Amino acid sequence: WRSSLSDDSVAYSEQVSESVSLDFIDLSLSSTLLSTSPLNEPIIYTVTLSNTWMTTAHDIEVLSMIPVMSWMQIISSVASVWTYNETTGIWSVGTLPAWDSVVLTIIVTSWTPLMYHLTSEIIGAYEPDHDSFPNNQNIDEDDFITKTITFRNNWQQSSVSGGWWGGWWGWDDVIVSDPTTS
């Protein structure tokens, strides 16, 4: 038995199968805010980038913009791989193997009682992600995260205990430390 396909047919068939077989990735972000400190004390914000797919991801960039204002300061930042630019907010990750994750840690402090939104999003990757699109600001995708941290320093008379409530703070509308009375 002999194949009736010509060399041109085989070449075309190989070319089509190459262009159709795309390697997908599944990148996602998660974050934590760690602190039991009031105003003027360090707040630790971590962003974890995970590749939960069987393909290595390349050319990854994450935007983790910290609002830089006269009353909020980045104390330090440490990326487990590559670099984080505190001015642009871009974490250049590069390559992330399949089933692996990396962490960015940013330490900030504030001396003004306000609310801040700490947002991170994957803004670039070479391969297509099977369930999200980079840099589209879609809060329903797993490549976009936001945390809200509220610094409160709200001195007020407590009508229950007759004492003063002082210096309470929290994140995601959860009080980190209960107000104390004196």
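**Notebook: a buried serine, a core and three loops**

I began with Ser-64, which counts as buried because its relative accessibility is 0%, under the 20% that I use as the limit for buried. The model I am reading is a predicted one, and I keep that in mind for each entry below.

**Entry 1, Ser-64.** I placed Ser-64 in strand E3 and then asked which side chain it meets through a polar contact. The partner is Ser-120, and the polar contact that joins the two side chains is 2.7 Å. Setting aside residues within four places in sequence, I listed the contacts of Ser-64 as Val-47, Tyr-84, Gly-89, Leu-104, Ile-106, Thr-119 and Ser-120.

**Entry 2, the whole chain.** I next stepped back to the fold, and I counted one helix and 13 strands, with the helix placed ahead of the strands when the elements are read from the N terminus. The protein has 182 residues, of which 36% count as buried, and it exposes about 10,700 Å², with carbon and sulfur atoms supplying 56% of that area. I also looked at how far along the chain the contacts reach: among those between residues at least 6 apart in sequence, 66% join residues at least 24 apart.

**Entry 3, the core.** Which residues have the most contacts inside the largest nonpolar core? I found Leu-49, Ile-66 and Trp-91 in that role, within a core of 28 residues. The elements that give two or more residues to this core are strands E1 (27-34), E2 (43-51), E3 (57-65), E4 (72-79), E6 (90-96), E7 (100-110), E8 (115-124) and E9 (144-150). I followed Leu-49 further and, leaving out its neighbours within four places in sequence, I noted contacts that include Leu-27, Leu-29, Ile-60, Val-62, Trp-91, Val-93, Leu-96, Val-102 and Ile-122. The list for Leu-49 also holds Ser-28, Asp-100 and Ser-101.

**Entry 4, Glu-141.** I turned to Glu-141, which lies in the loop between E8 and E9, and asked what its side chain meets there. Glu-141 is buried and yet has no salt bridge, and the nearest side chain of opposite charge, that of Lys-147, is 18 Å away. I did find polar partners: a polar atom of the Glu-141 side chain lies 3.1 Å from the backbone nitrogen of Phe-133, and a polar contact of 3.3 Å links the side chains of Glu-141 and Asn-136. Beyond residues up to four places away in sequence, Glu-141 touches Asp-131, Ser-132, Phe-133 and Asn-136.

**Entry 5, Trp-82.** I then checked backbone angles, bearing in mind that most residues other than glycine have a negative phi. Trp-82, in the loop between E4 and strand E5 (83-84), has a phi near 55°, a positive value in a residue that is not glycine. Is Trp-82 buried or exposed? I take Trp-82 as exposed because its relative accessible area is 62%, and the limit for exposed is over 50%. Trp-82 nevertheless touches Ser-92, Val-93 and Gly-94, not counting residues up to four places away in sequence, and a polar atom of its side chain lies 3.1 Å from the backbone oxygen of Val-93. From C-alpha to C-alpha, I read 9.4 Å between Trp-82 and Thr-95, which are 13 residues apart in sequence.

**Entry 6, Trp-99.** I found a positive phi, near 60°, at Trp-99 too, again a residue other than glycine. Trp-99 sits in the loop between E6 and E7, and I note it as exposed because its relative accessible area is 60%.

**Entry 7, Thr-88.** I closed with Thr-88, whose place is in the loop between E5 and E6. Thr-88 counts as partly exposed because its relative accessibility is 38%, a value that falls between the limits of 20% and 50%. Which residues does Thr-88 touch, once residues up to four places away in sequence are left out? They are Leu-63 and Met-65. I recorded 8.1 Å between the C-alpha atoms of Thr-88 and Leu-63, residues that are 25 apart along the chain. The side chain of Thr-88 also has a polar atom 3.3 Å from the backbone nitrogen of Ile-90.

Note on methods. Residues are numbered from 1 along each chain as its sequence is written. This is a predicted model: local features need pLDDT of at least 70, side-chain atom pairs count only at pLDDT 80 or more; totals for chains, interfaces and linings use all residues. Side-chain values use heavy atoms; hydrogens and water are left out. Buried means under 20% relative accessible area, exposed over 50%, partly exposed in between (1.4 Å probe, protein chains only). Contact means heavy atoms within 4.5 Å. Accessible areas come from the Shrake-Rupley method with a 1.4 Å probe; for residues, only the protein chains shown count as cover. A nonpolar core is a set of buried Ala, Val, Leu, Ile, Met, Phe, Trp, Tyr and Cys residues joined through side-chain atoms within 4.5 Å. Lys and Arg count as positive and Asp and Glu as negative; His and the chain ends are not counted. A salt bridge is a side-chain nitrogen of Lys or Arg within 4 Å of a carboxyl oxygen of Asp or Glu. A polar contact is a pair of N or O atoms within 3.5 Å; within protein, one must be able to donate a hydrogen and the other to accept it, and residues adjacent in sequence count only if both atoms are side-chain atoms.
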